Amino acid sequence: MDSRKDRNKKLYEDLAGADKGKLFARRQITQESNSDPQWTTEDMETLPDEGQTPTARRTGGKQPPQGPGSNGKAPRPKKPQKRKKHRFLRFFVKLVLLLLIFCVGAYFAGKWTANQGADMDKQEAITFNGFKNSDGSSNILLLGSDSREGENARADTIMVLQLDGPAKKPKLISFMRDTLVDIPGVGQTKINAAYAYGGAELLRKTLKQNFGIECRYYTIVDFQSFESVIDTLFPNGVTIDAEKDMSKNLEVPIKAGKQQMDGLTLLQYARFRMDEEGDFGRVRRQQQVMNAVFSGMKNPLVLAKLPFAGGKVMGEAATNLPMSYLLKNTISIAKGAGGVDRLSIPVDDSWSYGVDYAGGSVLVIDQDKNQKAIKSFWEK
C-alpha cells in the first residue's frame, strides 16, 4: 500500500490542471481502515479554498478541533483550581494561627506588665459560685470599687454585661446603687451594700433573688486600673460629648461639649453625681462611657491592643473571666462598635422614693415590672 505521502503527492499532481476552488476530494472509507481514508480522482468535486490542510479537505473545509477533546468529547476540568483552593485554605489557617499566637502573647505580656506595676494594688481572686443562664449565656458582673486600704467599701458601679446571649451583641444593664433590695442574710437595704457585706458573691445572690439575673463571671476594677486600661487602649483619649460643665468634687474640671478624655478625666465624668439628677445622671453617664469605649473599637489599632489591655485588667483586677471567653466572643465585641444595647434599673415609672431602716433615702421599686423589663431586654 502506498504511503500517505505518496497518495498526497499523486493527489496534488492530479489537481495541477484543475481550476482552483472548483473541485474537492471526497473521502472513501474502506473496510481496511476507518482512520486512513482512500482518495481517488473519480471522487473529485468542488475543491475547498486554497491554503487548507489535507485534513480540512477531507472534512469538507472545516478544521477539526485540536488538542484535548478532538475526538468530540468535552474536555475534563482542570485540577489546578483545586490546588488553588487548597493553597487558600492553608493560607487562611496560617493566618488564624498567627493571630491566635499574637493575641495569646499580647495577653500574657499585658498581664506580666500589670504584675510588675509597683504602684498598683493587686486584687486577689474571691469565691464566686456563678452559673450559666438557662439559655446558655454567661453574664459578667462588672463592679467599680472606690475601696482603699482598710476600707470595706460599697460598690460604686454595678453593671451586668452579656456578650453571648440570643442577640449575639453586647447588652448592658446598670443598677442604681440606691435601689432597695432584699439582701440574703442581711435584710432590706441599698443594693450596693451587698458588696460591703459579702463581696461579689453576695451581690451575685442578691441579683439572682431580686431580679432573676444569674452571673457566671465577675470583674472588680478599681479606679487606678480603669485609668490604666483606658490610657492603654486609647492613647489619644476616648471621644465623649460631655452633657454639662462639671467641677464640684472632681480632680479635673470638665467643660460641656465633644472632646477626647484620657483615663482620669473619663473616670471623673463617669463618677460625677453632684447635681439635681444624682445617681440617675451618673448611671446614664456610665453607660455613655461604656458605649463610647465599645464604639472606639472600630479602630483596628485599638482592636490590636485589646489582648494586651485585657491582660492588664486580668493582672490588676479581681476576676474569674477566662481569656477563652473573650476570644470566643470577639465577633460580639466587634458588633458593640456599632453601639451597645443599654438598660437602667429601675426602669421608668417603676419606682418611688423611700427610706430604709437606717433612715437613708432609697428607691422603692416594682420588682415584677423590672423583672419583666429585664427579661424582654435580654430576648430582643
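Below are legends for a few close-ups of one predicted model.

**View 1. The largest nonpolar core, with I140, I240 and Y269 in the thick of its contacts.** Out of 38 core members, these three touch the most others. (A nonpolar core here is a set of buried Ala, Val, Leu, Ile, Met, Phe, Trp, Tyr and Cys residues joined through side-chain atoms within 4.5 Å; buried means under 20% relative accessible area, exposed over 50%, partly exposed in between, with a 1.4 Å probe and protein chains only.) Helix α7, residues 279–295, chips in the most, with five residues; helices are DSSP runs of H or I, at least four residues, numbered from the N terminus. Another core, of 31 residues, lies apart from this one and includes V181, I213, I220 and I374.

**View 2. Who I240 touches.** Skipping residues up to four places away in sequence, I240 touches G257, K258, Q259, M261, L266, Y269, Q288, V289 and A292. Contact means heavy atoms within 4.5 Å.

**View 3. E227 on helix α5.** This helix covers residues 223–233. E227 is partly exposed, at 22% relative accessible area. G263 sits 36 residues away in sequence, yet the two C-alphas are 4.1 Å apart. Beyond its neighbours within four places in sequence, E227 is in contact with G263, L264 and L267.

**Notes for every view.** Residues are numbered from 1 along each chain as its sequence is written. In this predicted model, local features need pLDDT of at least 70 and side-chain atom pairs count only at pLDDT 80 or more, while totals for chains, interfaces and linings use all residues; side-chain values use heavy atoms, with hydrogens and water left out.

Key:
Helix = DSSP H or I, 4+ residues; strand = E, 2+ residues; numbered from the N terminus.
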